[in-house]
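Ready for a few exercises with your viewer open? Try each task yourself before you read its solution.

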Amino acid sequence: MFNYTFQWRQALQKLPLLLDGALVTLQIALMSMAMGIALAVVLAVARNARSRWASAPATAWVEVSRNTPALFQIYMAHFGLGSFGIHLSPYLALLAGITFNNAGYLAETFRGALRAIPGTQLRAARSLGMPSIQAFRLIIMPQMFRIAFLPTTNQMVWAILMTSLGVTVGMNIDLAGVTQDINVRSFRTFEIFAIAAVIYYLIAKSVTLGARLLASRLFRY
Amino acid sequence: MIEIRDVHKSFGSLEVLKGVNLSVEKGEVVSVIGGSGSGKSTLLTCINGLEPINSGTILVDGVEVHAKTTDLNKLRRKIGIVFQQFNAFPHLTVLENVTLAPRKVLGMTKAEAEEIAVKQLTHVGLADKLSVYPGRLSGGQQQRMAIARALAMSPAYVLFDEVTSALDPQLVGEVLDTLKLLANEGMTMICVTHEMSFARDVSDRVAFFHQGVLAEIAPPDEFFTAPQHPQTREFLSNIR
């Protein structure tokens with residue numbers, strides 16, 4: 001029957017270690033989002049390009065990243081590239097895997113947002129003498145980010161949670177990795193994972209709330 | 001001077017411009033009228049190179065718009081265009097809408113651009129709306145802002161593409177008044193319009209567009225009292 005004795009005090013002593021791990025988690029998530037957003041803008045534009053040389057690779061990226069498990073993508077970054085002689089540390093493999101995934105999902109989000117902006121906006125900008133890149137940067141992109149803001153926030157939360165897949169490639173300094181390490185040494189499985197889950201929850205929640213605050217400051221129109 | 005010579009333009013198999021000829025002198029106001037889908041608006045977007053043409057030439061101050069060597073971005077600085085659908089930039093305030101191109105395209109400082117923008121916005125009666133976003137403006141106000149935005153680039157020519165067609169009837173007057181003001185100041189304007197009274201009162205010449213060509217072009221008195229072309233007569237009798 002049920003004879004597990006909870007030992008919260010012992011587990012809570014590990015809190016500083018877990019919080020250090022949480023910082024690494026947040027760091028990876030933020031970096032993977034920053035790079036993912038930049039790549040996604042390029043992919044979204046490339047997918048709409050008339051040249052197949054631009055649209056085909058972008059489409060392939062989006063298709064693979066959205067239709068295969070994120071776990072496999074991280075695996076490929078670590079072990080897959082390893083078989084070609086490119087050895088990424090668990091940290092870099094995790095970062096690369098999540099960035100690949102973020103970029104693919106966000107590219108579709110951005111592409112949808114671009115479609116929602118009337119073509120006349122670009123014409124108006126061009127007729128004022130703006131070159132196309134300038135018109136895109138000053139007129140189209142700000143409107144695109146507004147439309148795509150909430151889905152982008154979702155992706156950020158997803159990126160935070162995806163970092164936990166790093167344990168499968170030997171990542172041991174992020175929140176999931178640290179949790180797993182403590183678990184195998186202490187066997188306080190329930191307590192440790194419960195505490196880690198609360199930390200994940202709090203990070204994700206604060207990102208959502210932070211994004212809402214940011215939105216109210218950024219989008220006054 | 002804008003010279004349009006034998007311009008042909010097709011969208012797929014549909015030929016919308018079938019040999020258009022028109023020259024507009026500096027300081028002249030030309031109104032272009034005609035039925036919907038006759039190609040009037042397309043002509044305007046060809047003049048500033050937004051649309052390619054199939055054959056013929058368009059010269060703006062002697063520069064061929066559709067020549068491969070023409071720097072369109074540079075040319076567009078002196079051809080303002082105001083659209084039927086206002087095309088306000090929704091993420092920028094009224095002042096930012098107007099200062100953006102002078103700053104980013106002409107390289108003015110913020111202060112210089114704002115001085116010009118405030119002057120133009122005052123001119124069109126929007127001096128009290130500088131920090132407002134376009135979403136808060138009425139259609140007429142948005143259209144006047146769009147006019148100020150075009151004028152802030154100090155263009156030599158301004159093209160008006162049915163600028164009152166998307167407005168509520170009670171807002172048409174304020175925009176037409178702004179156009180009249182500009183015409184009286186000697187701005188060179190080509191106005192595609194359905195406002196006959198505007199065409200009669202303000203233009204130096206009125207052109208009738210029919211089936212892809214300019215069927216008739218004459219000073220307003222002549223045009224409205226003694227139209228020569230049978231299609232012009234029919235068109236005018238239908239709208240009266």
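The exercises below go from confidence and overall build to single residues.

Some conventions come first. This is a predicted model, in which local features need pLDDT of at least 70, side-chain atom pairs count only at pLDDT 80 or more, and totals for chains, interfaces and linings use all residues. Residues are numbered from 1 along each chain as its sequence is written, while chains are lettered from A and ligands numbered from 1 in the order in which they are written.

**Exercise 1. Confidence**

Task: Find where in chain B the confidence is lowest and where it is highest.

Solution:
- Step 1: Recall the scale; pLDDT is the predictor's confidence in each residue, from 0 to 100.
- Step 2: Take the whole chain; chain B has a mean pLDDT of 93, with 100% of its residues at 70 or more.
- Step 3: Go through the elements, where helices (H or I, at least four residues) and strands (E, at least two) are DSSP runs numbered from the N terminus. The lowest mean, 87, belongs to helix H9 (residues 230-239) of chain B, and the highest, 97, to helix H3 (residues 94-104) of chain B.
- Step 4: Add the scores of the model, ipTM 0.91 and pTM 0.88.

**Exercise 2. Two chains side by side**

Task: Describe the secondary structure, extent and burial of chain A, then do likewise for chain B.

Solution:
- Step 1: Chain A has ten helices and zero strands, and its C-alpha trace spans about 75 × 45 × 30 Å along the principal axes.
- Step 2: Chain B has nine helices and ten strands. Its radius of gyration, taken over C-alpha atoms, is 18 Å, close to the 18 Å that the globule rule (2.2 Å times the number of residues to the power 0.38) gives for 240 residues, so chain B is as compact as a globular protein of that length. The box filled by its C-alpha atoms is roughly 55 × 45 × 30 Å along the principal axes.
- Step 3: For burial, count the other C-beta atoms, placed from the backbone, within 10 Å of a residue's own: 20 or more is buried, 12 or fewer exposed, and in between partly exposed. Buried residues are 37% of the 221 residues in chain A and 45% of the 240 residues in chain B.
- Step 4: For contacts, two residues count if their C-beta atoms, placed from the backbone, lie within 7 Å. Among contacts with a separation of 6 or more, residues 24 or more positions apart account for 73% in chain A and 63% in chain B.

**Exercise 3. The contact between the chains**

Task: Work out which elements and residue classes make up the side of chain B that touches chain A.

Solution:
- Step 1: The contact takes 19 residues from chain B and 18 residues from chain A.
- Step 2: On the chain B side, helix H2 (72-76) and H3 of chain B are the elements that give two or more residues. H3(B) has the largest share, three residues.
- Step 3: By class, this side has ten nonpolar, six polar and three charged residues. Here Ala, Val, Leu, Ile, Met, Phe, Trp, Tyr, Cys and Pro count as nonpolar, Asp, Glu, Lys and Arg as charged, and the others, Gly among them, as polar.

**Exercise 4. A covered helix and a neighbouring task on strands**

Task: Check the span of helix H5 (residues 139-151) of chain B, and look at strand E6 (residues 79-82) of chain B.

Solution:
- Step 1: The expected span is 1.5 Å times one less than the number of residues. For the 13 residues of H5(B) this comes to 18 Å, and the end C-alpha atoms are 18 Å apart, which agrees.
- Step 2: Twelve of the 13 residues of H5(B) are buried. Their cover includes E6, H3, helix H4 (110-123), E7 and helix H6 (169-184) of chain B.
- Step 3: In a regular strand the side chains alternate between the two faces of the sheet. In E6(B), B:Ile79 and B:Ile81 point one way and B:Gly80 and B:Val82 the other, and all are buried.
- Step 4: Strands pair if DSSP finds at least two bridges between them. E6(B) and strand E7 (residues 157-161) of chain B are parallel, over four bridges, with B:Val158 as the bridge partner of B:Gly80.

**Exercise 5. Positive phi**

Task: Place B:Phe86 and B:Gln211, and decide whether each is buried or partly exposed.

Solution:
- Step 1: Most residues other than glycine have a negative phi.
- Step 2: B:Phe86 has a positive phi of about 60 degrees and is in the loop between E6 and H3 of chain B. With 23 other C-beta atoms within 10 Å, B:Phe86 is buried.
- Step 3: B:Gln211 has a positive phi of about 50 degrees and is in the loop between strand E9 (205-210) and strand E10 (213-218) of chain B. With 14 other C-beta atoms within 10 Å, B:Gln211 is partly exposed.
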